[in-house]
Amino acid sequence: MAVLNNGSAPASVEEAVPAATISNAYKNWYRFSRNPTAVIGAVIVLIVISCALFAPWIAPYPEQVDNFVDFRARHLPPSWEHWFGTDNVGRDVLTRVIYGYRISLLLVVVVLGLSIPFGVMLGLMAGYFGGWVEIVIMRLTDIALAIPPLVMALAITAVLSPNLMNAMIAISVLWWTWHTRLIYSITRTLKTQEFVEAAEILGASKFHILFRELLPNCVSAISVKATLDAGFVILIGASLSFLGLGVQPPTPDLGTMVATGADYLPDRWWQSVMPGMAILVAILGFNLLGDGLRDMFDVEDVR
Amino acid sequence: MIEAPLLEVSGLTKHFPIRGGIIQQRVGAVRAVNDVSFAIRKGEVFGLAGESGSGKSTIARMVVGLYRPTAGTVHFDGSDVSGLIGGRDYRKQVQMVFQNPGSSLNPRRTIAQSVAVPLIFHDYPKAKIADRVAELLEMVELPRNFAIRYPHELSGGQKQRVAIARALAVEPRLIVLDEPTSALDVSVQAKIIDLLAGLAGELGLTFLFISHDLSLMRNFCSRVGILYLGRLAETGSTIDVFGSPAHPYTQALIGAVPVVSDEEAALKPSIPALSGEIPSPSRIPKGCSFHTRCPFAFEPCRQIDPEFTIVGQGHEARCHLLEERTATAATVPVSPVERSAHP
C-alpha cells in the first residue's frame, strides 16, 4: 500500500508509516524473545551485572570479602549458612564469588572501553581511506593478531608488576585488533554503497563520513562483538589471575580463588569448583546473549 | 547563437587499470570512457544513452568529480573542474541523483539528517536548517513530517524524491541524474520525471540525464548523445536523433524499444535486433568499436576508427557509411529520404 502512496495522500501515509516503525521494533523484540537461548543469556548477564553492582547488598557476609580470618569456620562444606561453603581461612565463598564478578566486569568494561574505540576508529579509517592507510593499519593488525593474547598478557604482566591495572593494560594491548578487522570489512562493503559517494558530492567532511555515515551502520555489529568479547575477557582475566599474574590476594578474584582452592582438591572441592562454575556461567551468559543479538540483527540488517 | 555552455566536456577519457600477478602489477586497462566530448547549455536537458557497460555512469562520476579523468577536461561555467571532489564552490553548483534510492540514503539516518548534510557543510545558518528541510520536502511534494522518518519507511519513489530534495538543498545549477528512474516502477517513473521537469523550469536547472530508457529520454531531453563502449556514436537534438538516426547502432537501439500498441508497431522501422553482447571494455575491437555487431560493417570498419561526420544542424555521427555518402553526394545535410534508404 505504501509503495503506491507517492506522497499524494499524506493522511493514509501518516497512518501507515509509524505503524511500520513500531512493528519493526516489536518484530526485533519478538524475534529475540522467541529465541530461548538468547533470553537465558540475557537473564544470566543481568544477574551477573546485578551481582557486580549490588554486591554489598546481595552478598550474605560482606565483611568477609578480603582481610577476614576465622579459623573455626575453615573448610566448611556447602550448607544453609554458607551456600558455596567456606575457604581455607574461613571466608564465605559465595560472598567472594559475588564480589569476584565486580573485578571481572571492571576488567571487561576497562578493556573493551579502551580497545573498542581504538579498534573501531582504525577499522573505519583503513576501510574508508584505503591505499597506504589501509596497508599500514591492516598489516599492523595482522602482526598483532599473530600473537596469542594470553602469551602477550603473560609477558607484559611478568615484566610489569602483576596487578589488576597491568592485567587490564596487557589484555587491551591486543584486543583492538579484532574490532579493527571486523569494522574494516564492514566499512569496505559500506563504502561501495551510494550514500557514501552521495555524502562526498554533498561536500561532507571526512569526519562526517567516518563517524556520522559509516559508524552508525557498524553499531549493531559492534554490540554483538562486544557482548561475545565480554566472555573472553573474563576468561583471559581469570587465566592471568589463576597463573598468579593478575589480581593478587586477598582481593576476591574468581581466577585467584580457583587457584587457591585447587590446593584442596578433591576433598574440599567447593573452594575451586564454585568460583570455576561462576566463571563458566558468566561466559555462557555473554555468549548466549551475543549469539541471540547476532541472530536478531543479522536478519534485520539487509546490507 | 554562440552562448558559452554551462558544462563543457572535452576529450574525456577514463581507463581503470586491471591489476594481477603476485605484485599486483598493471596487466591491462578497462577503457570505460574514450575521448567523449559534449557541451550542455544553461537550461538544457542533455541525455546520455547507452547499454550497460557503455561508460554512462563513469562519465557522470567524472562530471561531479568523484573520479579524476585519465585524460580530457571538464569545464563548468568556463573554469576547469576536472577531478575536483573537494572544491567547495563546485560542490555547491553541481549535484547528483543516484540510480538506486535504496542505497543512496543512509539507512541509519533520518530523512532530515540526510537532507541537512549539504546545508551543514555549506554554512547554512543552523537555526534555519529545519525550516529549509521542510521547504525542500515540499518542493519534491512530500509531507513535512517525513523529516523524522528512516529510509526503510519510505517507498522507492519517495526515497528518490528525498534524494532530489537533498541535491536541491544548496541550489545547484547543474544536476547529474544517473538513471534516476531505472529502479522504480513505471507509474512512479513518470511522476519523478514530471517533478524533475517542473523543478527545472521553476529553478532554472540544467540536467545531465543518464539513462538506458530511450522513451523517457525522448520525452525529457532536448539533446542526446548515444554512447557505445565509452565513445559517443551519435549526438544531436532529440528530434534529429530519434527522428532520423544516422548511426546503425542508434537505429538498432531505437528499433529495439518495445511498443505497446499496433499503431506504434506499424510505424516502427523494421531493423534487425543486434546480435551478440557488447564487447568487454578491456578488449575494445580495433577500428570502429561497433563493427563486431554492425549489420552493415565493411572493410574500413575493421581497420580505421571513424571520425564524426556532420549529418545535420548540430547532428553528428561516427560511421564510415556516412563518410562515403557525404563524400559522393557532397551535400549536407543528407536528405531524410536518402537516410531512410540507408542500408
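What span should the 13 residues of helix H6 (residues 156-168) of chain B have at 1.5 Å a residue, and how far apart are its end C-alpha atoms? In this predicted model, the expected span of H6(B) is 18 Å, and the end C-alpha atoms are 18 Å apart, so the two values agree. The helix is mostly covered, with 12 of its 13 residues buried. Among the buried residues are the charged or polar B:Gln158, B:Lys159, B:Gln160, B:Arg161 and B:Arg166, together with B:Gly157, B:Val162, B:Ala163, B:Ile164, B:Ala165, B:Ala167 and B:Leu168.

Elsewhere in chain B, B:Asp178 lies in strand E7, which covers residues 174-178. B:Asp178 has a relative accessible area of 1% and is therefore classed as buried, the cut-off being under 20%. The side chain of B:Asp178 makes a polar contact of 3.1 Å with that of B:Ser57. With neighbours within four places in sequence left aside, the residues in contact with B:Asp178 are B:Ser57, B:Ala60, B:Arg61, B:Met96, B:Val97, B:Phe98, B:Gln99 and B:Ile210. B:Ser57 thus appears both as the partner in the polar contact and in the list of contacts.

For chain A, the mean pLDDT is 84, and 90% of the residues reach 70 or more. The pLDDT is below 50 over residues 1-19 of chain A, a stretch that has 26 contacts in the model beyond near neighbours in sequence. Residues 299-303 of chain A also stay under 50 in pLDDT. For residues 299-303, the model has 12 contacts beyond four places in sequence.

Key: Residues are numbered from 1 along each chain as its sequence is written. Chains are lettered from A and ligands numbered from 1 in the order in which they are written. This is a predicted model: local features need pLDDT of at least 70, side-chain atom pairs count only at pLDDT 80 or more; totals for chains, interfaces and linings use all residues. Side-chain values use heavy atoms; hydrogens and water are left out. Helices (H or I, at least four residues) and strands (E, at least two) are DSSP runs, numbered from the N terminus. Buried means under 20% relative accessible area, exposed over 50%, partly exposed in between (1.4 Å probe, protein chains only). A polar contact is a pair of N or O atoms within 3.5 Å; within protein, one must be able to donate a hydrogen and the other to accept it, and residues adjacent in sequence count only if both atoms are side-chain atoms. Contact means heavy atoms within 4.5 Å. The expected span of a helix is 1.5 Å times one less than its number of residues. pLDDT is the predictor's confidence in each residue, from 0 to 100.
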